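Work through the exercises below with the sequence and the 3D structure at hand. Try each task before you read its solution.

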Amino acid sequence: QVQLVESGGGLVQAGGSLRLSCAASRSIFNGNALNGMGWYRQAPGKQRELVATITKGGSTNYADSVKGRFALSRDNAKNTVNLQMNSLKPDDTAVYYCNAYFNLQNYWGQGTQVTVSS
């Protein structure tokens with residue numbers, strides 16, 4: 001079992017920045033080569049979509065809509081991933097969910113609201 005605790009959401013004006021953090025209850029990046037962590041988001045009336053992920057090997061993947069603005073990093077010692085979000089736009093408004101893919105199972109955090117005002 002994996003528990004994920006998110007923090008860092010909030011309200012920000014367009015052009016501003018926020019940093020989201022997700023702490024896992026165990027080390028995700030050990031073991032299976034497919035293990036990884038990341039962030040997804042879901043806006044009202046829309047499907048959940050990938051924002052950014054990082055693999056055990058350290059490779060990152062970003063949605064086209066956030067490339068160049070968001071940066072995902074990890075702290076192995078703290079079992080944490082951090083999403084730095086810059087140049088935020090109103091279209092980034094959504095509930096952001098931390099995800100861990102661990103030993104062939106998906107785990108989700110409770111979600112944190114990010115609201116970007118115009």
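**Exercise 1. Strand pairing**

Task: Which residue in S6 is the bridge partner of Ile54? Then describe the pairing around it.

Solution: Step 1. The bridge partner of Ile54 in S6 is Thr60. Strands here are DSSP runs (E, at least two residues), numbered from the N terminus. The model is predicted, so local features need pLDDT of at least 70 and side-chain atom pairs pLDDT 80 or more, while totals for chains, interfaces and linings use all residues. Residues are numbered from 1 along each chain as its sequence is written, and side-chain values use heavy atoms, with hydrogens and water left out.

Step 2. S5 and S6 (residues 60–62) are antiparallel and joined by three bridges; two strands pair if DSSP finds at least two bridges between them. They form a hairpin with four residues between them, and Gly58 in the turn has a positive phi of about 95°.

Step 3. S5 (residues 49–55) also runs antiparallel to S4, with six bridges. S4 and S5 form a hairpin as well, with six residues between them; in this turn Gly45 has a positive phi of about 80°. Across the two strands, Arg41 stands opposite Glu49 in S5.

**Exercise 2. A network of charges**

Task: Which residues are joined into one network by salt bridges that share partners?

Solution: Step 1. Side chains of opposite charge can pair when their charged atoms come close. A salt bridge is a side-chain nitrogen of Lys or Arg within 4 Å of a carboxyl oxygen of Asp or Glu. By this rule there are four salt bridges.

Step 2. Begin with Arg41 and Glu49, whose side chains form a salt bridge at 2.7 Å, N to O. Arg41 is buried, with a relative accessible area of 6%, whereas Glu49 is partly exposed at 37% (buried is under 20%, exposed over 50%, partly exposed in between; 1.4 Å probe, protein chains only).

Step 3. Arg41 also forms a salt bridge with Asp92, with 2.9 Å between the closest N and O atoms. Arg41 lies in strand S4 and Asp92 in the loop between S8 (80–85) and S9 (94–102), so the pair ties together parts that are 51 residues apart in sequence.

Step 4. Asp92, at a relative accessible area of 1%, meets Arg69 in a salt bridge of 2.8 Å, N to O. Arg69 sits in the loop between S6 and S7 (70–75), 23 residues apart from Asp92. Both Asp92 and Arg69 are buried.

Step 5. Through shared partners, Arg41, Glu49, Arg69 and Asp92 form one network.

**Exercise 3. Rings**

Task: Why is the pair of Tyr40 and Trp108 stacked, tilted or edge-to-face?

Solution: Step 1. Rings of Phe, Tyr and Trp (its six-membered ring) pair if their centres lie within 6.5 Å; planes under 30 degrees apart are stacked, over 60 edge-to-face, and the rest tilted. The count is one aromatic pair.

Step 2. The centres of the Tyr40 and Trp108 rings are 5.1 Å apart and the planes stand at 70°, so the pair is edge-to-face.

Step 3. Tyr40 belongs to S4 (residues 36–42) and Trp108 to S10 (residues 105–108), so the pair ties together parts 68 residues apart in sequence. Trp108 is partly exposed, at 37% relative accessible area.
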